[in-house]
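Got a structure in front of you and wondering how the labels get decided? Let's go through a few of them together.

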Amino acid sequence: MAEFSRESLQQLDAAHHLHPFTDSGALHQKGARVIERGEGAYLWDLDGHRLLDGMAGLWCVNLGYGRQELIAAANAQLQQLPYYNLFFQTTHPPAAKLAATLAEILPGDLKHLFFTGSGSECNDTVVRMVRHFWAEQGRPERTVIISRHNAYHGSTLAGASLGGMKPMHRQGGLPLPDIVHIDQPYHFGEGQGVDPHAFGLERAQQLEQKILELGPERVAAFIGEPVQGAGGVIIPPDSYWPEIQRICKKYDILLVADEVICGFGRTGHWFASEHFGIVPDLLCMAKGITSGYIPLGAVAVSGRVANTLIAGGEFFHGFTYSGHPVACAVAQANIAVMQKEHIVERVHEDIGPYLQQRWASLGDHPLVGETRGLGLVAALELVADKTSLTRFPEEAGAGLVCREHSLDSGLIMRAVGDTMIISPPLIITREQVDELIEKARCALDLTLTTLSNRQGKHHG
Ligand SMILES: *Cc1c(COP(=O)(O)O)cnc(C)c1O
């Protein structure tokens, strides 16, 4: 017997807890789902229902729930030294060791790490760091950072400003000055009928147009997620990233890869920059760095950026929990398990291709206009008409209908508008992939029934 009933927890929650990214009124009507425990790729709610976690928590529980190695590492570090700061010329073993380990697995010459507590804090750090970098280079007028519409870079002032989500900008008077946006490389949503290669080039070349419009002497950096996550698992055409890299080089603009989702094996590489053939000057990581067991983020910087920062006197920036010893110890254990179990190779060569092949099989469903994916992240587009690829009207809420049916079928799948997305734990087995596909198909069938019943009623 649980100590609290579901109803009493829901009441306490509704009375005192303001949830992130939530319409509280709507939530209180319904009552929050209470998740009680997890094991491997599964979660259980307080009523004992088992859910296959198709989202790895929030894109982060890459090694699954209940990994004893991570729990033991946290425990041991809590005993040894639960906290100490890294200000005032001090370090501790977990932070020093983790920085060195990350320097080894990162691509290019990203050999220096600045620790934060989250992905948002990474991006706040990026804004201050790139502007400070250019000031130290004697170019203080280089302040503008270019991002993309529908990007997600977190929820702090800088994170939400770099992000391109209009509803977020509307709350709180964002974006901050000198942060501007170009269009995203979303082929299904915005490039219908255009050859994907040409579309990728066109979207990348918007960067050059924007740079010329602003004046190259004013631009500090370009930031992008190699694969947009929260925006709907948007995988750019292969032509996109090399063109972005070329333009950044041409105008000497820093390239920032936000790998908060993509990093740590999600795409079948340690970092997705390797897949897309780019070498960023700064790279943000969080989420999968600890498999979500404890909060941690890090910004990796190239030699050029690091040397300028090192020569530039004090950088007036940092957090009480920068490089928290327990978080660093868990990250170290997380990386050790990934290496020992060849998780990245497995995603690249075995379970990634298997998931993608099975996910593509959903493409024959009458509701599905496109399937796409890379490694262990995937999306499908719900459409009202499979031939013309016409979407449902927004009021139909097709994505939310599908999400609810998916939950009822025992699978956590997320809806971004009418794009259904998955990002399961990297330890998912073939049997569990089969279960995921079966449940997703079941959710699609139920969604089709719900939406056609509604339409029938409309016409009748
Ligand atoms: C989740 C996310 C963030 C924000 O990370 P938090 O830890 O929630 O602050 C930033 N960038 C990307 C790409 C993300 O997916």
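Q: Why is Cys122 not counted as bonded to Cys284?
A: In this predicted model, the sulfur of Cys122 sits 5.0 Å from the closest cysteine sulfur, the one in Cys284. A disulfide needs the two sulfurs within 2.5 Å, so this pair is too far apart for a bond.

Q: And what makes Cys328 a cysteine in no disulfide?
A: Same kind of check: for Cys328, the nearest cysteine sulfur belongs to Cys122 and is 12 Å away. Searching the whole structure turns up 0 disulfides.

Q: Why are Cys122 and Cys328 called buried?
A: Buried means under 20% relative accessible area. Cys122 comes in at 0%, and Cys328 is at 0% too, so both get the label.

Q: How do you know that Lys287 makes a polar contact with the ligand?
A: The cut-off is 3.5 Å between N or O atoms. A polar side-chain atom of Lys287 is 2.7 Å from a ligand oxygen, so that pair counts. Gly119 joins in through its backbone, with a polar atom 2.9 Å from an oxygen of the ligand.

Q: What about Tyr152 and the ligand's nitrogen atom?
A: Here a backbone N or O atom of Tyr152 lies 3.5 Å from that nitrogen. The limit is within 3.5 Å, so this one makes the list as well.

Q: What makes helix H6 stand out around the ligand?
A: Helix H6, residues 119-136, supplies the largest share of the shell, 3 residues.

Key. Residues numbered from 1 in each chain as written. Predicted model: local features only at pLDDT ≥ 70, side-chain atom pairs only at ≥ 80, totals over all residues. Heavy atoms only, no water. Buried < 20%, exposed > 50% of the residue type's maximum accessible area, 1.4 Å probe, protein only. Polar contact = N/O pair within 3.5 Å; in protein donor to acceptor, adjacent residues only side chain to side chain. Helix = DSSP H or I, 4+ residues; strand = E, 2+ residues; numbered from the N terminus.
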